[in-house]
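Welcome! Please open the model in your viewer and keep the selection tool ready, and we will walk through one part of it together.

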Amino acid sequence: MLSRSQAPVLDDDPFDPEVLVDPYPFHQRMRDAGPVVFLARYGVWAMARHAEVANALSDWETFSSAAGVGLADFRKEPAWRRPSLLLEADPPAHTAVRKPVLHLMTPKTVQGLRAAFEAAAEELGEELVARREFDAVADLAEVYPIRVFADAVGLPEEGRGPLLRYAGMVFNAFGPRNPLFEAAFAEAAPVLEWITAACQRDALAPGGLGAQIWEAVDRGDITADQAPLLVRSLLSAGLDTTIFGLGNAVFCLATNPEQYDLLHADPGLARAAFEESLRYEAPVQTFFRTTTRPVDVEGTVIPSDAKVLLFMGSANRDPRRWGDDANRYDIRRRTPGHLAFGAGIHVCVGQFISRLEGEVVLAALARRARRLDLAADPVAKPNNTLKGFRHLPVRVTAGPS
Ligand code: HEM
């Protein structure tokens, strides 16, 4: 059996901003080096091929989330916030709280949000296409989810400002204490105070997802101590992910005009176009797990108590799974099996909500604009977990054909 010394050792820093904004050459080197590699800089193991990432995500008993899904090990150093009851937990505690949250977000319950989401997408699409040039991040991706998702959760309209700063803290904190981490945590205190207050019962509009989580307390499904943390999970996990995802989808379409032509000809492909962009430019690139026992992965033994970095963004472009054109954006591809939403017991609870957002936004653009082009070079937004853009200037040409 191979031991660590025999596993390929790479010196790269996966959290170097240059790697974060263009990780694909590094991904390929990891995939080609072997099913498991050792990243010497942080003393962690990593998997970048589809089969091994999918297996690890599906084996929570070996690859635990309870020590945190970032580089920090909660059993050895204090967590920066009370750990998430969902993301940073294992069964049985995880199972008990996931059930009531999942119940709110089945494909069927999410249909109840469709009319409001569509109306908001049509209104924004109309305004942006009339402008001809806009920033697909600042004017679209950052605007739409804050409007519709925060409404769905039941946050008051005023004072949503700190949402993005909080999300920036959450996703940068999964990485090392590098400058991205430090910048996200500059002036953290008021943001933390805000999020704590925003998740309380009296701060949430009746009928929203937040209020419905609190109703689970009345039914005895969860405790009053758990409810605000579960509302916090929606606000931490539901915004930046979708914001980066929408920006990435527009980028994919603007840089693959033949794919945009297909979408414009049949806006019914909007959901597929969004799904393929999740595969091709996964907003959530990585999460860690911690091993609970020594585990043999294809002949390499990872010891117990080791941090393992899973590269979903790389798995989504692994030619072993997707074929020789894995690096091609193709909205007619069959995408089931992509890992942008994870897999196994932690698979994204909000996936149907974000799919709905992606679908209605892309359809609203595709129906109104016959061309979509970059108007200037995009500006990437490095983040220790997410991949996407800070600015994405685009130009649209209105008209049916
Ligand atoms: C494009 C948008 C999104 C992406 C790419 C995404 C991605 C992910 C991924 C990869 C995981 C798995 C984490 C793990 O295995 O450790 C996850 C979990 C989660 N997501 Fe999402 N997500 C998105 C949107 C949302 C939305 C809109 C919500 C809220 C409604 C949400 C709430 C959650 C929660 C609460 C978890 C933790 C589930 C658990 O641990 O059981 N996400 N998401």
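**Stop one: a helix.** Select residues 114–131, which form helix H6. Keep in mind as you look that this is a predicted model. H6 has 18 residues and spans 26 Å from its first C-alpha to its last, close to the 26 Å expected at 1.5 Å a residue.

Now colour Phe 117, Ala 121, Leu 124, Gly 125 and Leu 128, the buried residues of H6. Why do they lie on the same side of H6? They cover an arc of only 110 degrees around the axis, and that puts them on one and the same side of the helix. As a rule, an α-helix has 3.6 residues a turn, so residues three or four places apart point the same way.

Turn the view to the face of H6 that points away from its buried side, and you will find the exposed residues Ala 115, Glu 123 and Ala 130.

**Stop two: the cover.** What lies over the buried residues of H6? The cover includes strand S5 (133–135), helix H7 (136–141), helix H8 (144–153) and helix H19 (351–368).

Show H19 next to H6: the two helices pack at an angle of about 35 degrees, with their axes 8 Å apart. Their crossing is right-handed. Among the residues making this contact are Phe 117, Ala 121 and Gly 125 of H6, and Val 360, Val 361 and Ala 364 of H19.

**Stop three: one residue up close.** Centre on Ala 121 in helix H6. Is Ala 121 buried or exposed? Ala 121 counts as buried because it has 25 C-beta neighbours inside 10 Å. Leaving aside residues up to four places away in sequence, Ala 121 touches Tyr 144, Val 360, Val 361 and Ala 364. Try a distance from Ala 121 to Glu 357 as well: they are 236 residues apart in sequence, yet 8.2 Å apart in space, C-alpha to C-alpha.

**Stop four: on to the sheet.** Step just past the end of H6 to Arg 132, which takes a positive phi of about 75 degrees. Then select S5, part of an open sheet of three strands in the order S5-S13-S10, with antiparallel pairing. S5 and strand S10 (369–374) are at the edges with a single partner strand each, so one side of each has no neighbour in the sheet. On average, neighbouring strands of this sheet are turned by 30 degrees against each other, direction ignored.

Finally, add strand S13 (residues 393–398), which is joined to S5 by three bridges and runs antiparallel to it. For a last look, pick Phe 134, which stands opposite Val 394 in S13.

How values were computed: Residues numbered from 1 in each chain as written. Predicted model: local features only at pLDDT ≥ 70, side-chain atom pairs only at ≥ 80, totals over all residues. Helix = DSSP H or I, 4+ residues; strand = E, 2+ residues; numbered from the N terminus. Expected span 1.5 Å × (residues − 1). Buried ≥ 20, exposed ≤ 12 C-beta atoms within 10 Å, placed from the backbone. Arc of directions from axis to C-beta. Contact = placed C-beta atoms within 7 Å. Pairing = 2+ DSSP bridges. Axes fitted to C-alpha atoms, helices over the stretch in contact; angles between N-to-C directions. Left-handed = near helix turned anticlockwise from the far one by under 90°.
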